[in-house]
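Please examine the model below, which is predicted. The paragraphs that follow treat its salt bridges, a helix and a sheet in turn.

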Amino acid sequence: MTSAPKLLFADPKGKVMEHPYLLATLRSGEELVPPQDKPIPLPSAGRLVHLPGRLPVGLHPETGELELVREMKVGGKTFVPNAVGALLPPGYTRTFLPGEVKGSGPVLPQWAYTAAAWVGDGPVAWAIHTDRRSHWDPERYSTPDMKALVQQHMERFPDNRVLKQLKTCALIYRCFTSQNTFYVRDEAAIPASVMCNARCVGCISDQPADGPPASHERMDDGPTGEEMGQIGLFHLEHAPGRTMVSFGQGCEGEPLTRWKQIAEAIRFMRAHSDKGSININTNASLTKGLEALFDAGLDAIRVSLNSAVKDLYEAYYKPVKYGWEDVEASIALARERGAYLALNLLLFPGVTDREGEVKALERLVKKYRVDQVQTRSLCIDPIQYLEVARDKGAGGEPVGIRTLLQRLKAARPGLVIGNFARGLEERENAAGHG
């Protein structure tokens, strides 16, 4: 019989330990709940992290009562413990948040904190292995030859501003999509925009002074259509397998704010090659601009959203001169134009899986015959997002992330649930890749 999941905590230096008797608790939205929905062993590329200024909450195994752990004594030293969570590698989707409450600490850095515990002789995490395709395996990235490959590509295209940005992303941020550009394989990044028409609370490249430190520095010089087209064309022509180029990366603003230059880049690529796929990751705010991209040859779109309910969507994205109605109009346009339509669903346990939110998402994937939902655990301080979501969106009790995904698949037969974009040949066989 599997042993009960023990509560984890960390000392002030970040050393992680298991509690002598308390069990772990999980957070689902505003609620702290006992362990449920069987955890998985922490993946080899995952890691445990401490949450500074967050107090762990345990469950007493005999009384069933929740206990806030304000103090621990280890090796003769008494200290205030920090809560512990897990960070998951690509391909996994969290189902619960760590059981903790805010103490005196700062806003947490932007990571997708996942509930974790200690079972038997190893750590576990509450997550689902949602995409088992191995081409995004972390071991395939940041290899010893990365620096030389970057230099080789820079010599091919000297002074190209796309590559100047991607060099930073690949070597400093270790962005996999950026590194693909230099490995010349799979999905490659083409950052396009310095501007954004949303002020997302969890933006990773632009944060207010009182927010957490941004995890990326946004590009500061928008490339021309020709510069983007050069990099994209080389990739489409030379990358083997599931070849794809994608506009709209974490190190930039909203690509549709530069739709004219992107349209020029797409026309340049398609004038010289019919290979591979051209995709855009976008907030789908500017329907007119998106239409121009489809006219130029765009064939895939991934729309980012945290909710299909207007007030919760707008509370998080804080849109400027657009609204939820524009996003839905762009989704409708993508379906009308026959593009591969994916949603980049920013998941947050206890909010995204509330009954009303699930129904709104079911309606969206069914009405517009969405091809894929890419699950993305929202990288944000949990308390920060709960403040955004409070009294917003559609209500109801949480049904669980696992049930949410099952219901979306039932609402739209053939829907692919995964974490990674699909290449052309994979889209044709989509039913076999769910």
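D371 and R335 are both buried, and their side chains meet in a salt bridge with an N to O distance of 2.9 Å. D371 belongs to the loop between α9 and β23, whereas R335 is part of helix α8 (residues 324-336), so this pair ties together parts of the chain that are 36 residues apart in sequence. In the predicted model, this contact is one of 25 salt bridges.

Salt bridges that share partners also build a network, which joins D131, R133, R140, D186, R242, R422 and E426. Within this group, R422 forms a salt bridge with D131, and the closest N and O atoms are 2.8 Å apart. The two residues come from distant parts of the chain, 291 residues apart: R422 sits in the loop between β24 and α12 (424-428), and D131 in the loop between β17 (127-129) and α1 (146-156). Is this pair buried or exposed? R422 has a relative accessibility of 3% and therefore counts as buried, the cut-off being under 20%. D131 is likewise buried, with a relative accessible area of 3%.

A further salt bridge connects the side chains of R54 and E100, at 3.9 Å from N to O. Because R54 lies in strand β7 (residues 54-59) and E100 in strand β14 (residues 100-102), the pair ties together parts that are 46 residues apart in sequence. R54 is buried, with a relative accessible area of 0%, and the value for E100, also buried, is 0%.

Attention now turns to a helix. How many of the 8 residues of helix α3 (residues 176-183) are buried? The count is 8 of 8, so the helix is largely enclosed by the rest of the structure. The residues concerned are F176, T177, S178, Q179, N180, T181, F182 and Y183. Their cover includes the helices α1, α2 (161-171) and α4, together with strand β18. After α3 comes V184, which has a positive phi, near 55 degrees.

Strand β18 leads on to the sheet. Strands of a sheet pair through backbone hydrogen bonds, in either a parallel or an antiparallel manner. Here, 7 strands form an open sheet with parallel pairing, in the order β18-β19-β20-β21-β22-β23-β24. The edges are occupied by β18 (187-190) and β24 (416-418); each has a single partner strand, so one side of each is left without a neighbour in the sheet. From one strand to the next, the twist averages 25 degrees.

At the β24 edge, strand β23 (residues 372-377) pairs with β24 in the parallel sense over 3 bridges. One residue pair illustrates this arrangement: Q372 has V416 in β24 as its bridge partner.

Helices pack on this sheet as well. Helix α4 (residues 225-238), already named among the elements that cover α3, touches β18, β19 (244-247) and β20 (277-282), and its direction makes about 155 degrees with that of β19. Helix α9 (residues 355-367) lies across β21 (300-305), β22 (340-347) and β23, and runs at about 170 degrees to β22. The loop between α9 and β23 returns the reader to the starting point, for it contains D371, the salt-bridge partner of R335.

Methods: Residues numbered from 1 in each chain as written. Predicted model: local features only at pLDDT ≥ 70, side-chain atom pairs only at ≥ 80, totals over all residues. Heavy atoms only, no water. Pairing = 2+ DSSP bridges. Helix = DSSP H or I, 4+ residues; strand = E, 2+ residues; numbered from the N terminus. Axes fitted to C-alpha atoms, helices over the stretch in contact; angles between N-to-C directions. Contact = heavy atoms within 4.5 Å. Salt bridge = Lys/Arg side-chain N within 4 Å of Asp/Glu carboxyl O. Buried < 20%, exposed > 50% of the residue type's maximum accessible area, 1.4 Å probe, protein only.
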